[in-house]
Amino acid sequence: MFVIKFNNKYYWCGYNHVDTQLRKAVIYNSKKMAISTAEDCMKRKSVIKNLEQFESSVTYEIVEVELKEKEV
């Protein structure tokens with residue numbers, strides 16, 4: 001599973017919103033879809049909440065995450 005991380009701080013949450021908390025991030029099953037979404041975000045970065053402050057220097061990376069179920 002993959003998530004999009006901007007400027008080593010913010011995770012893509014969807015709906016033109018990013019947050020510093022990984023738990024709010026959109027999870028993608030395909031790295032290709034994550035890259036496609038990240039590229040789309042880069043085209044619209046001026047309208048994404050919390051990214052507008054980085055207007056010219058926004059970078060992203062695709063981060064692989066693992067989600068596992070634990071007994072309580």
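Which residues have the most contacts inside the largest nonpolar core? In this predicted model, they turn out to be I4, F6, W12, V18 and L51, within a core of 14 residues. Strand 1 (2-6), strand 2 and helix 1 (31-43) are the elements that each give two or more residues to this core. That fits a familiar pattern: in soluble globular proteins, nonpolar side chains tend to be buried together.

Stepping back to the whole chain, the fold is simple to write down. There are one helix and four strands, and from the N terminus on they run β-β-β-α-β. The radius of gyration is 12 Å, which agrees with the value near 11 Å that a compact globule of 72 residues would have. The C-alpha trace spans about 45 × 25 × 20 Å along its principal axes. Of the contacts with a separation of 6 or more, 60% are between residues 24 or more positions apart.

The surface and the charges can be put just as briefly. Buried residues make up 35% of the 72 in the chain. The accessible surface comes to about 5,200 Å², and carbon and sulfur atoms hold 48% of that. As for charge, there are 12 positive and 10 negative side chains, and the centres of these two sets lie 3 Å apart.

V18 deserves a closer look, being among the core residues with the most contacts inside the core. Not counting residues up to four places away in sequence, V18 touches F6, Y10, Y11, W12, C13, I48, K49, N50 and L51. Three of the other core residues named above, F6, W12 and L51, appear in that list.

C13 is one of the residues that V18 touches, and it sits in strand 2. Is C13 buried or exposed? Its relative accessibility is 14%, so C13 counts as buried, the cut-off being under 20%. Leaving aside neighbours within four places in sequence, C13 is in contact with V18, D19, K24, A25 and V26. S36 is another matter: 23 residues along the chain from C13, its C-alpha atom is separated from that of C13 by 15 Å.

Then comes the loop between strand 2 (10-14) and strand 3 (17-19), where Y15 lies and where N16 also has its place. The backbone is a bit unusual here. Most residues other than glycine have a negative phi. Y15, however, has a positive phi near 50 degrees, and N16 has a positive phi of about 55 degrees, although N16 is not a glycine.

How exposed are the two loop residues? Y15 has 83% relative accessibility and so counts as exposed, the bar being over 50%. N16 has a relative accessible area of 31%, which means that N16 is partly exposed. Beyond its neighbours within four places in sequence, N16 is in contact with R44, V47, I48 and K49. Two of these, I48 and K49, are also touched by V18. In contrast, the C-alpha atoms of N16 and S30 are separated by 20 Å, with their positions 14 residues apart along the chain.

Definitions and conventions: Residues numbered from 1 in each chain as written. Predicted model: local features only at pLDDT ≥ 70, side-chain atom pairs only at ≥ 80, totals over all residues. Heavy atoms only, no water. Rg over C-alpha atoms; globule rule 2.2 N^0.38 Å. Buried < 20%, exposed > 50% of the residue type's maximum accessible area, 1.4 Å probe, protein only. Contact = heavy atoms within 4.5 Å. Areas by Shrake-Rupley, 256 points an atom, 1.4 Å probe, with all protein chains shown as cover. Lys, Arg positive; Asp, Glu negative; His and termini not counted. Charge placed at Lys NZ, Arg CZ, Asp CG, Glu CD. Core = buried A, V, L, I, M, F, W, Y, C linked by side-chain atoms within 4.5 Å.
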